[in-house]
Amino acid sequence: MTRTATISRKTGETDIKLTVNLDGNGGGSRRSGIGFLDHMLDLLAKHAMIDLDVDAKGDLHVDDHHTAEDIGIALGQAVDQALGNRAGIKRYGHFTLPMDECLVTAAVDMGGRYAFEYHAPIAASKIGTFDSELVEHFWQSFAANANCNLHVVLHHGRNGHHIAECVFKSVARAIRMAAEDDPRSGGAVPSTKGVL
């Protein structure tokens, strides 16, 4: 059974088509119109080992906010759909990732309920031309629409670009772990309730 989903999201601010394959190898293309965000999405696909295609057109003449937010929404919806009833997955994932002077821990529960805790401040307001606050907002939008618990903690770090990369890579690795098949589960839903 393939774990794929395609989301089309069109609003007065953005027009997005996004496809995800949870059993990929990091392939696909990312065209958001925002160079830094494409870089982050490349890291996400590679480290989560998902195929991810993103074709987005947004009101970039305003700023990057709506495009980043709506890609996070679409990605969350796609992951939620691709996971289906979550039968046979590990459900929980976590990863502590070092990158140069940065250290970030991400933990995720793909259990079908939303919660978000983010403690990874970036001192600089901009990373190039990208608003650094959009890193947090992207992941909040993702978690709310993937119906998952997502916790992100920056232990230490100074460089804004490094912190953002560290966040995207660590969350990607946590998602990869949580979404992987659990061979010992017998294909059961990972809950004592029998349903998520």
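**View 1. Strand 6 and how enclosed it is.** In this predicted model, 6 of the 8 residues of strand 6 (residues 102-109) are buried, so the strand is largely enclosed by the rest of the structure. Here buried means under 20% relative accessible area, with a 1.4 Å probe and protein chains only. Strands are DSSP runs of E with at least two residues, helices are runs of H or I with at least four, and both are numbered from the N terminus. As a model, it is filtered: local features need pLDDT of at least 70 and side-chain atom pairs count only at pLDDT 80 or more, while totals for chains, interfaces and linings use all residues. Residues are numbered from 1 along each chain as its sequence is written, and side-chain values use heavy atoms, with hydrogens and water left out.

**View 2. The two partners of strand 6.** Strand 5 (residues 92-99) runs antiparallel to strand 6, joined to it by 8 bridges; two strands pair if DSSP finds at least two bridges between them. Look for T96 with its bridge partner T105. The hairpin formed by strands 5 and 6 has 2 residues between them, and D100 in the turn has a positive phi of about 50 degrees. Strand 10 (residues 149-156) also pairs with strand 6, antiparallel over 7 bridges, with L103 opposite H156.

**View 3. A four-stranded open sheet.** The strand order is 1-2-4-3, and the pairing is mixed. Strand 1 (4-10) and strand 3 (30-31) are at the edges with a single partner strand each, so one side of each has no neighbour in the sheet. Strand 1 pairs antiparallel with strand 2 (residues 14-21) over 7 bridges, and K10 stands opposite D15. Helix 2 (residues 65-83) packs on this sheet, touching strands 1, 2 and 4 (51-58); contact means heavy atoms within 4.5 Å.

**View 4. Strand 4 and its neighbours.** Strand 4 pairs with strand 2 in the antiparallel sense over 8 bridges, and V20 has L52 as its bridge partner. With strand 3 the pairing is parallel, over 2 bridges, and R31 faces D55 there. From strand 3 the chain passes through helix 1 (residues 35-48) to strand 4 in a left-handed β-α-β crossover; a right-handed one would run clockwise from the first strand over the helix to the second, with the strands pointing away from the viewer.

**View 5. Helix 4 and its cap.** Of the 20 residues of helix 4 (residues 160-179), 16 are buried, so this helix is largely enclosed by the rest of the structure. At its N-terminal end N159 acts as a cap, with a side-chain oxygen 3.0 Å from the backbone nitrogen of H161.

Notes: Buried means under 20% relative accessible area, exposed over 50%, partly exposed in between (1.4 Å probe, protein chains only). Axes are lines fitted to C-alpha atoms, for helices over the stretch in contact, and angles run from 0 to 180 degrees between N-to-C directions. A polar contact is a pair of N or O atoms within 3.5 Å; within protein, one must be able to donate a hydrogen and the other to accept it, and residues adjacent in sequence count only if both atoms are side-chain atoms.
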